[in-house]
Each structure stands twice: as structure tokens, then as C-alpha cells.
Amino acid sequence: MSRIGRHPISVPSGVEVNIDGNDVSVKGPKGELSLTVPSPITATLDDGVITVTRPDDERESRARHGLSRTLISNLITGVTEGYKKDLEIVGTGYRVQAKGSDLEFALGFSHPVSVKAPEDITLTVEGPTKLSVSGISKQRVGEVAAKIRKLRRPDPYKGKGIRYAGEQVRRKVGKAGK
């Protein structure tokens with residue numbers, strides 16, 4: 001049996017969970033999220049505890065068991081606490097500015113790069129080289145943070161670019177001089 005999938009999920013107070021067949025919807029203080037559980041897996045709610053079960057021990061069922069449990073757990077965490085990813089900009093002259101709810105980057109290009117904030121995501125600038133992406137959906141927060149990082153990936157030779165907070169960039173040795 002899946003070690004992750006068999007753990008029950010406790011529903012905190014103030015969170016409303018509705019399970020209708022394979023559709024799970026969670027409503028909490030920060031917002032509302034929903035998920036469709038893959039077909040062989042079933043989720044049940046009893047006395048404030050969600051249990052995820054699988055019908056058999058086939059490979060596909062085992063693979064989706066732990067995944068489904070984790071996705072439902074992420075929904076509950078998202079509507080109660082939310083998710084946040086911090087990014088930092090490294091490089092001379094590289095900076096970020098807030099333009100309303102959007103961001104404008106100076107990343108060494110001949111033009112400024114602007115990023116529009118999606119509806120469900122909050123982009124905040126904490127300094128000229130620090131910013132954070134926050135929201136209730138773990139997938140959307142990670143996706144938007146990855147798109148921002150993709151604007152100027154960390155360079156392996158000088159280390160310049162946008163990186164996640166605490167990310168270690170593997171440096172390469174440049175050409176050997178004579």
C-alpha cells in the first residue's frame with residue numbers, strides 16, 4: 001500500500017470540503033479550489049477526515065493513490081495558508097520594479113521586460129532585487145515563478161540572472177588563460 005496515500009487528511013475548522021463522485025471542491029478563508037480525482041481512486045469524507053482509497057494493487061492505481069492524496073492535501077493547505085515562492089535577481093544593473101500589479105524587469109536587455117500578474121496570483125516586490133509570487137494554488141504559483149525565472153536563467157559562468165531564493169547555481173570554469 002502507498003505510504004503517502006494511506007495517511008488521512010484532517011480538515012481544519014473554517015474549511016468546507018464537498019466531494020461529489022470524483023470531483024473534490026475545497027472552500028476556505030483564502031478562496032476556493034477544485035480537483036478531479038483520477039478514475040480508479042476514490043475520496044471519502046467522514047467526520048472532518050478525508051480518506052483516499054484505491055480499488056486494487058495494479059500499477060496505475062498505486063501510482064495515482066499517493067498523488068491524489070497529496071493533491072487534495074495541497075488544496076486544503078492552499079485555501080488556509082496559501083503558497084509563496086521567493087525569487088532573487090543577481091547581476092549588475094539587474095532590478096525589478098512594481099508597476100501597479102504588474103512587474104517591470106531590467107535584465108540587461110536593450111528594453112525593459114514587463115510581466116502581467118495573473119488574476120489568481122499576487123506579485124510583490126520586496127526590494128530592487130527581491131520579489132515573491134504568492135497565491136492559493138501550488139501549481140499556479142510554481143508555474144508563474146518558473147516563467148519569471150525563465151526570463152533570464154542563472155548563467156553558469158557568472159551566476160547572473162533570476163533564481164529562486166536559496167538556489168545554488170552550479171558554476172562552470174571559464175576558458176583557461178595562457
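## The open sheet of strands 2 to 4

Three strands form an open sheet in the order 2-3-4, with antiparallel pairing. Strand 2 (16-20) and strand 4 (32-36) stand at the edges with a single partner strand each, so one side of each is left without a neighbour in the sheet. On average, and with direction ignored, neighbouring strands of this sheet are turned by 15° against each other. The model described here is a predicted one.

Strand 3, which comprises residues 23-27, pairs with strand 4 in the antiparallel sense over 5 bridges. Within this part of the sheet, V26 stands opposite L33 in strand 4. Helix 1 (residues 59-80) lies across strand 3 and strand 4, and its direction makes an angle of about 175° with strand 4.

## V37, after strand 4

V37 belongs to the loop between strand 4 and strand 5 (42-46). Is V37 buried or exposed? Its relative accessibility is 4%, and V37 therefore counts as buried, the limit for that class being under 20% relative accessible area.

When residues up to four places away in sequence are not counted, V37 touches N22, V24, S68 and I72. V24 falls within strand 3, whose residues are 23-27, while S68 and I72 fall within helix 1, whose residues are 59-80.

## The hairpin of strands 11 and 12

Strand 11 and strand 12 form a hairpin with 2 residues between them. Their pairing is antiparallel and extends over 6 bridges. In this pairing, G127 stands opposite K130 in strand 12.

## S132 and its surroundings

S132 is located in strand 12 (residues 130-135). With a relative accessible area of 1%, S132 is buried. Which side chains make a polar contact with the side chain of S132? One is the side chain of T124, at 2.5 Å; another is the side chain of E126, at 3.0 Å.

The wider set of contacts of S132, leaving aside neighbours within four places in sequence, consists of K84, K85, D86, T122, L123, T124 and E126. Of these residues, K84, K85 and D86 fall within strand 7 (83-90), and T122, L123, T124 and E126 fall within strand 11 (121-127). S132 and V37 are 95 residues apart in sequence, and their C-alpha atoms are 30 Å apart in space.

## Two nonpolar cores

The largest nonpolar core has 19 residues, and those with the most contacts inside it are I89, F105, L123, L131, V133 and I148. At least two residues of this core are supplied by each of strand 7 (83-90), strand 9 (102-106), strand 10 (113-115), strand 11 (121-127), strand 12 and helix 2 (138-150). Which element provides the largest share of this core? That share, 4 residues, comes from helix 2.

V133, one of the residues with the most contacts inside this core, touches Y83, K84, K85, L87, I121, T122, L123, V141, V144, A145 and I148, not counting residues up to four places away in sequence. A second, separate core of 18 residues includes V26, I50, I76 and I136. V26 is also the residue that stands opposite L33 in strand 4.

## Salt bridges

The count of salt bridges comes to 8. In one of them, the side chains of R54 and D57 meet with an N to O distance of 2.8 Å. R54 counts as buried at 13% relative accessibility, whereas D57 is exposed, with a relative accessible area of 56%.

In helix 2, the side chains of E143 and R140 meet in a salt bridge at 3.5 Å, N to O. Both residues lie in this helix, 3 residues apart, about one turn of the helix. E143 counts as partly exposed at 30% relative accessibility, as does R140 at 26%. E143 and R140 also belong to a network of salt bridges that links them with D120 and K147.

E167 forms a salt bridge with R149, with the closest N and O atoms 2.8 Å apart. Why does this pair tie together parts that are 18 residues apart in sequence? E167 lies in the segment after strand 13 (161-164) and R149 in helix 2, so the pair joins these parts. The relative accessible area of E167 is 21%, which makes E167 partly exposed.

Key
Residues are numbered from 1 along each chain as its sequence is written. This is a predicted model: local features need pLDDT of at least 70, side-chain atom pairs count only at pLDDT 80 or more; totals for chains, interfaces and linings use all residues. Side-chain values use heavy atoms; hydrogens and water are left out. Two strands pair if DSSP finds at least two bridges between them. Axes are lines fitted to C-alpha atoms, for helices over the stretch in contact, and angles run from 0 to 180 degrees between N-to-C directions. Contact means heavy atoms within 4.5 Å. Buried means under 20% relative accessible area, exposed over 50%, partly exposed in between (1.4 Å probe, protein chains only). A polar contact is a pair of N or O atoms within 3.5 Å; within protein, one must be able to donate a hydrogen and the other to accept it, and residues adjacent in sequence count only if both atoms are side-chain atoms. A nonpolar core is a set of buried Ala, Val, Leu, Ile, Met, Phe, Trp, Tyr and Cys residues joined through side-chain atoms within 4.5 Å. A salt bridge is a side-chain nitrogen of Lys or Arg within 4 Å of a carboxyl oxygen of Asp or Glu.
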